[in-house]
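Let's take a walk through this protein together. Have the sequence and the 3D view open, and click along as we go.

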Amino acid sequence: MNTNTEKKYELTEETRVMPTGETVYRIKALRSFDTIYKPVKAGDLGGWVQSEANLSQDGNCWLFDEATAYQNAKRTDNSVGFGNSRQFGCSVQSGSSQQYGASSQFGWSRQFGSSQQYDNSQQYGDSQQYGDSRQYGKSQQSGNSQQFGSSQQYENSQQFGSSRQYGKSQQSGNSRQSDNSLQYGDSQQFGSSQQYENSQQFGSSRQYGKSQQSGNSRQYGNSRQYDKSWQYDNSEQFDYSWQYDNSQQYGYSRQYGNSEQFGDSRQYDNSWQYGYSRQYGKSQQYGYSRQYGYSRQYGKSQQFGYSQNPTYNTDLPEKGDK
């Protein structure tokens, strides 16, 4: 914290009225200091505040350009706002955070660390953004959600509930992450996909299309889930496995290796699918059954109990070959 007791800025007589009725004042620097964005010189005009309660006189925090802080919003430490960004409600910006573009932060949300919020993104509710995370595009973060690490949220994606996004994960497109779900590692969620309840997505996995991941399910490794497929309960999908079309995986089932599940197929109970196996059509695999090797299960067939369905075909199928 800067121990200089001299005020670093004053309110000028230049005012404007916000759409919600508050009058804000242009600020003017009274002394020179450095910020994490660029230096401020004595006499420089800055952004807008409703009162000195919105921008600390301590530290190197500052508002540049048309950036505005009003209502009960607070900016402290080394955080900066610039562009046309707006901070209002009871939101707090601290640490070395940066807010710019046409982004807005409101509610009781918190942004700190070295995080950045920009473009037309919105952060509100009791959400927190910190670490080296980035929120941009038209994305929205709300509820009690947290975004941290080096994660990125962008385009029209939404994160809410008590969900967590961290590591180097990315959320984009029209995707939704909610409830107590976790997304981390190098995973990516995009398209119109949904991740919710207590599900976890990590590793280098990808979830996209209109797919859904819920329950206590886990998707990881280099696995892919897309189209209208659904993974839920305590199921796991990992390695290089693919799940797509209208297929469903649930119960305590496992899908891994280079296996594929597609069509309207169902895999559940404690069944396992692995190797280069394919399950499709309206087939069902359940119980403690195992499907592996280069086997195919399709049509309306059912595999259950403790049955095993291996095929040792030496012809390597192409990925996505039905």
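What follows starts with how far to trust the model, then goes from the N-terminal strands to the core, the cysteines, two loops and two polar residues.

First, a word on confidence. You're looking at a predicted model, and the chain has an average pLDDT of 95, with 95% of its residues scoring at least 70. The stretch to be wary of is residues 312–317, where pLDDT stays under 50. The model does give that stretch ten contacts beyond four places in sequence. Still, where pLDDT is low, the predicted coordinates should not be read in detail.

Now go to the N-terminal part. Strand E1 covers residues 9–17 and strand E2 covers residues 23–29, and the two pair antiparallel through six bridges. You can find both ends of this pairing by looking for two bridges: Val17 is matched with Thr23 in E2, and Tyr9 is matched with Ala29 in E2. Together E1 and E2 make a hairpin, with five residues between the strands. In that turn, have a look at Gly21, whose phi is positive at about 100°.

E2 has another partner too. Strand E3, residues 45–49, runs antiparallel to E2, and three bridges join them. One spot to check is Tyr25, which sits opposite Val49 in E3. As you step along these strands, keep in mind that in a regular strand the side chains alternate between the two faces of the sheet.

Next, the nonpolar packing. The largest nonpolar core has 19 residues, and the members touching the most others are Ile27, Val40, Val49, Leu55, Trp62, Leu63 and Phe64. Two elements supply two or more residues each to this core: E2 and strand E4 (62–63). Leu63 is a handy place to start clicking. Beyond its neighbours within four places in sequence, Leu63 contacts Ile27, Val49 and Leu55, among others. Its contacts also include Gly46, Gly47 and Trp48, as well as Ala69, Arg75 and Gly81.

What about the cysteines: how many disulfides are there? The count is zero. A disulfide is a covalent bond between the sulfur atoms of two cysteines. For Cys61, the nearest cysteine sulfur belongs to Cys90 and is 18 Å away, so with a cut-off of 2.5 Å Cys61 is in no disulfide. Cys90 is likewise in no disulfide, the sulfur of Cys61 being its nearest at 18 Å. The surroundings of these two cysteines are worth a look as well. Cys61 has a relative accessible area of 0%, so it counts as buried. Cys90 comes out at 21%, and because buried means under 20%, Cys90 is classed as partly exposed.

Then there are two loop residues with backbone angles to look up. Asp77 isn't a glycine, yet its phi is positive, at about 60°. You'll find Asp77 in the loop between strand E6 (74–75) and strand E7 (80–81), and its relative accessible area of 37% makes it partly exposed. Further along the chain, Asp239 has a positive phi near 55°, and it is not a glycine either. Asp239 sits in the loop between strand E33 (236–237) and strand E34 (242–243). At 34% relative accessibility, Asp239 is partly exposed.

Last stop: two polar residues. Are they buried or exposed? Take Ser104 in strand E11 (residues 104–105). Its relative accessibility is 6%, so Ser104 counts as buried. Leaving out neighbours within four places in sequence, Ser104 is in contact with Arg86, Phe88 and Gln99 on the N-terminal side, and with Gln117, Ser121, Gln122 and Gln123 on the C-terminal side.

Gln201 belongs to strand E27 (residues 200–201), and at 0% relative accessibility it is buried. Where does the side chain of Gln201 reach? It gets to the backbone oxygen of Gln188, at 2.9 Å. Gln188 is also one of the residues that Gln201 touches beyond four places in sequence, along with Leu182, Tyr184, Ser187 and Arg206, among others. Several glutamines are in that set too, including Gln183, Gln189, Gln195, Gln207, Gln213 and Gln219. For a sense of scale, Gln201 and Ser181 are 20 residues apart in sequence, with their C-alpha atoms 8.2 Å apart in space.

Terms used: Residues numbered from 1 in each chain as written. Predicted model: local features only at pLDDT ≥ 70, side-chain atom pairs only at ≥ 80, totals over all residues. Heavy atoms only, no water. pLDDT = per-residue confidence, 0-100. Contact = heavy atoms within 4.5 Å. Helix = DSSP H or I, 4+ residues; strand = E, 2+ residues; numbered from the N terminus. Buried < 20%, exposed > 50% of the residue type's maximum accessible area, 1.4 Å probe, protein only. Polar contact = N/O pair within 3.5 Å; in protein donor to acceptor, adjacent residues only side chain to side chain. Pairing = 2+ DSSP bridges. Core = buried A, V, L, I, M, F, W, Y, C linked by side-chain atoms within 4.5 Å.
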